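Dear colleague,

Here is the structure I promised to send, together with its sequence. Please open it beside this message, since my notes follow below.

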Amino acid sequence: MRHIRTILEVLLYVMVFLTIQLFVTYLVGGIQLYIDDVSLHDIAARAANGTMMPDATGMIIISVVSSVLTLLLFLLLHWTPATRDYLLTRPWTAMAWVVILALGTIIPSTWLSEQIPYDMPAEMEALLADMMRNRWGYLAIGILAPLAEEAVFRGAVLRVLLRLFDKKWHWIAIAISAILFGLVHGNVQQFVHATLIGLILGWMYYRTDSILPGVLFHWVNNSAAYVISNLIPNAEQARLIDIFGGEQRSVWLALLFSLCLMLPALFQLFLRLKKKD
């Protein structure tokens, strides 16, 4: 009975997360179309056939509103516990290593994504690029998205999954939460990237009972993507070899350098990430 209840809780959390995003998407998209003098009949038709595509400003509004609603709901209903317990341990050195680990994963995860054949639709690619180059896009992608996603997938989903498994089987709970995290990203490339990153985020949550290390890691990851998009022309289409001037050797060296960040950071976090006594 306890197992069934836990599974239902996990499904509830994920469905609520997706429902909020879907509801806000249709609401904001419908308002945008109405402002553009599209008839209510045509708005309903577009909603029915899935062609209600907001512009970049609309997508930013959708992301901000859905993240805020998600955070409020999960915190107010105590689905994600909000405590200062981990901060009271003064984990500043550990958090610095979290930043180093996040920086070390950027190039390897990008390289891995490039090995997976996937052509993002041109409209979606242009929309994402416009969001990344909008100053308000950083609020949506760099700040609120990490908070909301960590609250849902670590603070709620993983928290209840860990009840099902003994300590020696905790990786099963972490893996399930990571896979769910990957699935909600909606395409093969992002699924692989988000699932692997989700394993790291889940491990940090398991070690601390806090979403704060994951939020910090997630913030660094998303912020790096935002900065790169604004520094490198057509970054959304560029491959690592293009960024490194066409030199494959430079790509391998960058991957090696990343490992020199990742491995010591993982070792230090293994030593330093601990639950509050």
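How many residues apart in helix 1 are Arg5 and Glu9, and what separation along the helix does that give? They are four residues apart in helix 1 (residues 2-35), which means that about one helical turn separates Arg5 from Glu9. Before I go further, please bear in mind that this is a predicted model, and that the values below are computed from it.

Salt bridges

Four salt bridges turn up when the whole structure is searched. One of them joins Arg5 to Glu9, with 4.0 Å between the closest N and O atoms. The two partners differ in their surroundings, for Arg5 has a relative accessible area of 60% and is exposed, whereas Glu9 has a relative accessibility of 15% and, being under the 20% cut-off, counts as buried. The pair also belongs to a network of salt bridges, in which Arg5, Glu9 and Arg163 are linked.

Another salt bridge brings together the side chains of Glu114 and Arg239, at 3.9 Å from N to O. Glu114 lies in helix 4, while Arg239 is in the loop between helix 9 and helix 10 (240-243), so this pair ties together parts that are 125 residues apart in sequence. Glu114 counts as buried, at 18% relative accessibility, and Arg239 counts as partly exposed, at 39%.

The side chains of Arg154 and Glu150 also meet in a salt bridge, with an N to O distance of 2.7 Å. Both residues lie in helix 6, where they are four residues apart, or about one turn of the helix, and both Arg154 and Glu150 are buried.

Helix packing

Two packed helices are described by the angle between their axes and the distance between the axes. Helix 9 appears in both of the pairs that I would like to describe here.

In one pair, helix 4 (residues 92-114) packs with helix 9 (residues 212-231) at an angle of about 40°, and their axes are 9 Å apart. Helix 4 and helix 9 are therefore oblique to each other, and helix 4 passes helix 9 in a right-handed crossing.

In the other pair, helix 6 (residues 135-161) packs with helix 9 at an angle of about 155°, again with axes 9 Å apart. Because angles over 145 degrees count as roughly antiparallel, helix 6 is roughly antiparallel to helix 9. The crossing of helix 6 and helix 9 is right-handed.

Two residues to use as landmarks

Ile106 is placed in helix 4 and counts as buried, with a relative accessibility of 18%. Its C-alpha atom is separated by 16 Å from that of Pro146, and the two residues are 40 residues apart along the chain.

Leu33 is found in helix 1, and it too counts as buried, at 12% relative accessibility. Between the C-alpha atoms of Leu33 and Met52 the separation is 8.5 Å, while along the chain these residues are 19 residues apart.

Backbone and surface

Two loop residues may be worth a look when you inspect the backbone. His78, in the loop between helix 3 (56-76) and helix 4, has a positive phi of about 60° although it is not a glycine, and with a relative accessibility of 61% it counts as exposed. Asp209, in the loop between helix 8 (188-208) and helix 9, likewise has a positive phi of about 60° without being a glycine; Asp209 is partly exposed, its relative accessible area being 47%.

Finally, there is a nonpolar patch on the surface, formed by Leu253, Leu256, Leu259, Leu263 and Leu266, which together have about 440 Å² of accessible area. One of these residues, Leu259, is found in helix 11 (residues 248-272). Leu259 has a relative accessible area of 40%, so it is partly exposed, a term that covers values between the 20% and 50% cut-offs.

With best regards

Methods:
Residues are numbered from 1 along each chain as its sequence is written. This is a predicted model: local features need pLDDT of at least 70, side-chain atom pairs count only at pLDDT 80 or more; totals for chains, interfaces and linings use all residues. Side-chain values use heavy atoms; hydrogens and water are left out. Patches are made of residues with over 30% relative accessible area and no salt bridge: like charges are joined within 9 Å, nonpolar side chains (Val, Leu, Ile, Met, Phe, Trp, Tyr) within 5 Å. Accessible areas come from the Shrake-Rupley method with a 1.4 Å probe; for residues, only the protein chains shown count as cover. Buried means under 20% relative accessible area, exposed over 50%, partly exposed in between (1.4 Å probe, protein chains only). Axes are lines fitted to C-alpha atoms, for helices over the stretch in contact, and angles run from 0 to 180 degrees between N-to-C directions. Angles under 35 degrees count as roughly parallel, over 145 as roughly antiparallel, 65 to 115 as roughly perpendicular and the rest as oblique. A crossing is left-handed if the near helix is turned anticlockwise from the far one by less than a right angle, and right-handed if clockwise.
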